[in-house]
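Please work through the exercises below with the sequence and the structure open beside you. Each task is followed by a solution that goes step by step.

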Number of protein chains: 2
Amino acid sequence: MNAEKAERNEEEERLYRIRHSLAHVMAQAVLQVRPNAKLAFGPPIDNGFYYDFDLEEPLSSDDLSDIEERMRGIIKERQQFENIMRPAEEAIAFLEEHGEKYKVEYVKELIQGGESEIGFYRNGPFEDMCRGPHVEHTGQLPAKAFALDSIAGAYWRGDEKREQLTRIYGFAFEDKKALKAYQEMRRLAKERDHRKLGNELDLFTISDSVGPGLVLWMPNGTVIRDALEDFAKETEFKAGYQRVVTPHITKENLYLRSGHLPFYKDSMFPPMQLGDEEPYYLKPMNCPHHHMIYAARQHSYRDLPIRLAEYGTCYRYEDSGSLAGLLRVRALSMNDAHIYCRPDQLREEFRAVLDMHEYYYNKFRLSDFSMRLSLHDEVNKDKYVDNPEAWTYSENVIREVLDEMGTRYEEVEGEAAFYGPKVDFQVRNVVGREETASTNQLDFAMPERFDLTFVGEDGKEHRPYIIHRAPLGTHERFIAFLIEHFGGAFPTWMAPLQTRLIPVSEKFLDYAEKIKAELENKLIRVDIDRSDESFNKKIRKAVTSKIPNMLILGANEVENDTVTWRRYCVKEQRTLLRAEYAAHLQAMISARTMDNFADEELPEI
Amino acid sequence: MNAEKAERNEEEERLYRIRHSLAHVMAQAVLQVRPNAKLAFGPPIDNGFYYDFDLEEPLSSDDLSDIEERMRGIIKERQQFENIMRPAEEAIAFLEEHGEKYKVEYVKELIQGGESEIGFYRNGPFEDMCRGPHVEHTGQLPAKAFALDSIAGAYWRGDEKREQLTRIYGFAFEDKKALKAYQEMRRLAKERDHRKLGNELDLFTISDSVGPGLVLWMPNGTVIRDALEDFAKETEFKAGYQRVVTPHITKENLYLRSGHLPFYKDSMFPPMQLGDEEPYYLKPMNCPHHHMIYAARQHSYRDLPIRLAEYGTCYRYEDSGSLAGLLRVRALSMNDAHIYCRPDQLREEFRAVLDMHEYYYNKFRLSDFSMRLSLHDEVNKDKYVDNPEAWTYSENVIREVLDEMGTRYEEVEGEAAFYGPKVDFQVRNVVGREETASTNQLDFAMPERFDLTFVGEDGKEHRPYIIHRAPLGTHERFIAFLIEHFGGAFPTWMAPLQTRLIPVSEKFLDYAEKIKAELENKLIRVDIDRSDESFNKKIRKAVTSKIPNMLILGANEVENDTVTWRRYCVKEQRTLLRAEYAAHLQAMISARTMDNFADEELPEI
């Protein structure tokens, strides 16, 4: 584990130097074509680097390949990187002499901050104020593994009241293969952007009149939500969960008791004042409501575990500027559940929860996931509930479960919640988006605060443990994630439209109507392309709409009572009896096949 | 119709006199046993009458039969009712002489209000300030069709700061049969009170910490909600509806546009102020959100009708004193939908909506329903949207549809919404509770306000009509209504627990476990009575819990791979193969049989 980590760190360090050095090389190249350019900042970033310039004569994306060529030339020259330290006043004089007003402004701030020496790096004819580090010489830079990507506007220091600059972005990796893979993923990510697809496929809309971050789910998106929710409901039913429904608002005291108020107040919607009643709040999480259901009845040790599940809607106050599509919203419906169990049931329950995560992610073909175990920190006792016994017990339980499962995980000390350790699931989809899909918290503090008890075999009251879990996260984020992962092509069981009927000509419309009625009666979502467009255009339209199944209906089909079935992701088509098709589709839906992947095996009927 | 109405009014008038006179007769009888009693008010009410007394020596329910007997004696005496008018001052003197301080207080108010003469009624030795009317003599009162019901505390004039009085309630009808029927219904209603059953069957709870009128649906209640919602979803899918999901909050402008603000403000929750953004409100209805979904896309005449459905949760501010179980709540989930259609589709759409109501009510065996058509009023033009053509058109459409259906309905002028005519469904359940189950509104004003359009065949923009409908009302009220209607015994498809397994002894637990796993795998809700109670006690417990199906498992069953099936509402039991039972149950669930009624035919398998 640690060797792996060290290797990762070394690779990161290497990439940092490469990207940082490429930023300097790019600036040198830009100065070749725009000698009066003034330099602002030019840092390495996650996928490469950028540099901001103040230009008298603009550059356009057409100029990028020329700049790239010049960069390759500089790389060939194997210019040495050399670190030069200048006393503060000398540094300013040097920069003023070169007219670098942005750097001068920044260096003056550094000096005010107490710096007495300023670092510079020189390579060939180029010199830049910079802390480094860099590669040894430009010959170490990968001439084929970088690419300039785009030009964008930017403000000096991100302040829209200051000068507008030109930012050039570049990608950079260790080798050509990594660059190509990244570019392909990026192309895919753009093509699959959930806002773009959400709009094209009519999944959701956000209305200015209703408010930012408040998603209106259109009929197509609602089908996907409902399919996901039904799947969760069935999975949870089989795992012994019970569903509850709780109101979205509550009196203030509930959050004072849970500790959300006043500490979490900034993330909550402001209170509503009803006459002289206690203020009411929109709920930022479902836990306290579930605890109230648990507390409404007395429980015996025989009744435990009690697993209360709900797609509960929570409200979080996010700055309107930070809201983005489904990824950051103000109202979110969470695949939430709370498991109330005895200490001796903790291990089995926690294991079952983690197994359910694996089951879901495998189902959705999200094979790239890992876990992170957050532990408390024995030094920082104030940060955590004072219950050493419970900490030791619960951390050991989780660690044992994780080891037993053999899944990849890392441990982090000092990252636990104040009321117990937690396990995060980190999932990555095909376009490379990483998501903390779910946080599983083990909780021994809330039972105390809410005075939750069960009557033990000894006839006395005991405290249950609580597991908080939400393997599918929120509808909003998880569906955004799936839209990208599937490229908008949902499997039949989730697809807004499960079958499109394409009559080869108007003559076969009656036959199509008959099939439509039959399938609808089986609760299958189906429509008919009644347009007078060409057959090929109809097919193309169905493919663009990513409809998982098309039935082509012509003279042959009518005569033999058959349909010709063509799937979205498979080239071959097959002709089969009408009733057979319905049976196939029903089997696929009830087995929830991932038939949007070409290699998925369909159930036999 | 009018003759029927006149007859109803005559009957009501007769009952009013009877009940009013019986109140006087009761007061006379009470004065026989408590000569110092002071009289407060004693009006006729819906099911009889009451009288409030200020007593020096209390009465208890044990005294009621004695008072009843005395009342019968007074009835036998055929005392004449005689109206006496006294000038104001004389009336006060008379009442003061008799020490009737409550009446004195009231008469003084009447005088201040401008009355110069006060009416009294005398029968036999009893005289009471009273406006009448009464029967001619006590011999006209039905000696066998009244009964004293209960004694309760009451405050003088309902003011808890004033004197506490003793109120005696009596029932009274025209004949003994009507009284008995009413008493039976009342007994049933008490036994079936949704709060009592809701508690006994663990359906829902309301927590002081969360707030009044905010229902927490426990697992059993959630099953019922979900079953109802799935039923609506399936019914609506087959009728061409599409589901949407909308946020529970919105910016203020949406309600300014719809006209809910400022007029409806008192019924809304107060606003939330987020920084310097527009205020946000919890939604009091779903319409504007659905309109925003409609407006998010352009629609062609070919796309219409568009039917958007949602179990949307709304929030209404109700005074905390007026909240009652599920019947009056602050957060309610409504079986809502809005149909956007062309004028030429209005008739067919409205008919389909009314047909769906009939379908639902028949399904739930709510055969006692009627409709009420509310029309606009040509005189009161200010009250209504000025669009005579639309009024005439839409009122005619509805009237034609109603006539065509042949269902009982009455027309009321001047009761329409300001934006269009409406049809209310009035439903009555077996315990006699009447409920306006649904209001169907035809709307030609909101399309204007929200600028909703479709592109017609002529290529121009037109306004759609909107139908607002909610045949199942809200989860809260409809489930309360069903709890009473079913007496808590839900049909298998809605029942929280669908099958209880009762092993005759511990020896058969393994067999029970096997069956449980099999049924759960088919998503059937099942449990095992594992207690060591006697067999008969187990059966009684299952019956008290109103579980629709019990399986009795003994030696015979294990040997033959059978189960002995006993239903909640049918005496006979039958033994059948395990797999047969599962098939039966699945067929009952998917057909949604009302197997909680003994005469329901079960599907063949």
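**Exercise 1.** Which rotation, with what shift along its axis, superposes chain B on chain A?

*Solution.* In this predicted model, chain B is superposed on chain A by a rotation of 179 degrees with a shift of 0.2 Å along the axis, and the RMSD is 0.3 Å. The two copies are therefore related as by a two-fold rotation axis. To place that axis in chain B, look for B:Met272, whose C-alpha is the nearest to the axis in that chain, at 2.8 Å.

**Exercise 2.** Find how many residues of each chain are in contact, and explain why the copies meet through the same surface.

*Solution.* Begin with the count: 60 residues of chain B are in contact with 60 residues of chain A. Of the area buried between the two chains, about 5,000 Å², carbon and sulfur atoms give 65%. On the side of chain B, the residues that lose the most area to chain A are B:Phe237, B:Val245 and B:Arg297, together 12% of what that side buries. Finally, 100% of the interface residues of chain B are also interface residues in chain A, so the copies meet through the same surface.

**Exercise 3.** Describe the salt bridges and polar contacts between the chains, and then the make-up of chain B's side.

*Solution.* There are six salt bridges between chain B and chain A; one of them joins B:Asp202 to A:Arg297, with the closest N and O atoms 2.4 Å apart. Between the chains, 23 residue pairs are in polar contact. Helix H7 of chain B, residues 219–238, gives the most to the side that touches chain A, with nine residues. That side of chain B divides into 29 nonpolar, 15 polar and 16 charged residues.

Key: Residues are numbered from 1 along each chain as its sequence is written. Chains are lettered from A and ligands numbered from 1 in the order in which they are written. This is a predicted model: local features need pLDDT of at least 70, side-chain atom pairs count only at pLDDT 80 or more; totals for chains, interfaces and linings use all residues. Side-chain values use heavy atoms; hydrogens and water are left out. Contact means heavy atoms within 4.5 Å. Buried area is the accessible area (1.4 Å probe) that two parts lose on being put together, summed over both. A salt bridge is a side-chain nitrogen of Lys or Arg within 4 Å of a carboxyl oxygen of Asp or Glu. A polar contact is a pair of N or O atoms within 3.5 Å; within protein, one must be able to donate a hydrogen and the other to accept it, and residues adjacent in sequence count only if both atoms are side-chain atoms. Helices (H or I, at least four residues) and strands (E, at least two) are DSSP runs, numbered from the N terminus. Ala, Val, Leu, Ile, Met, Phe, Trp, Tyr, Cys and Pro count as nonpolar, Asp, Glu, Lys and Arg as charged, and the others, Gly among them, as polar. Copies are superposed by least squares on the C-alpha atoms of residues with pLDDT of at least 70 in both.
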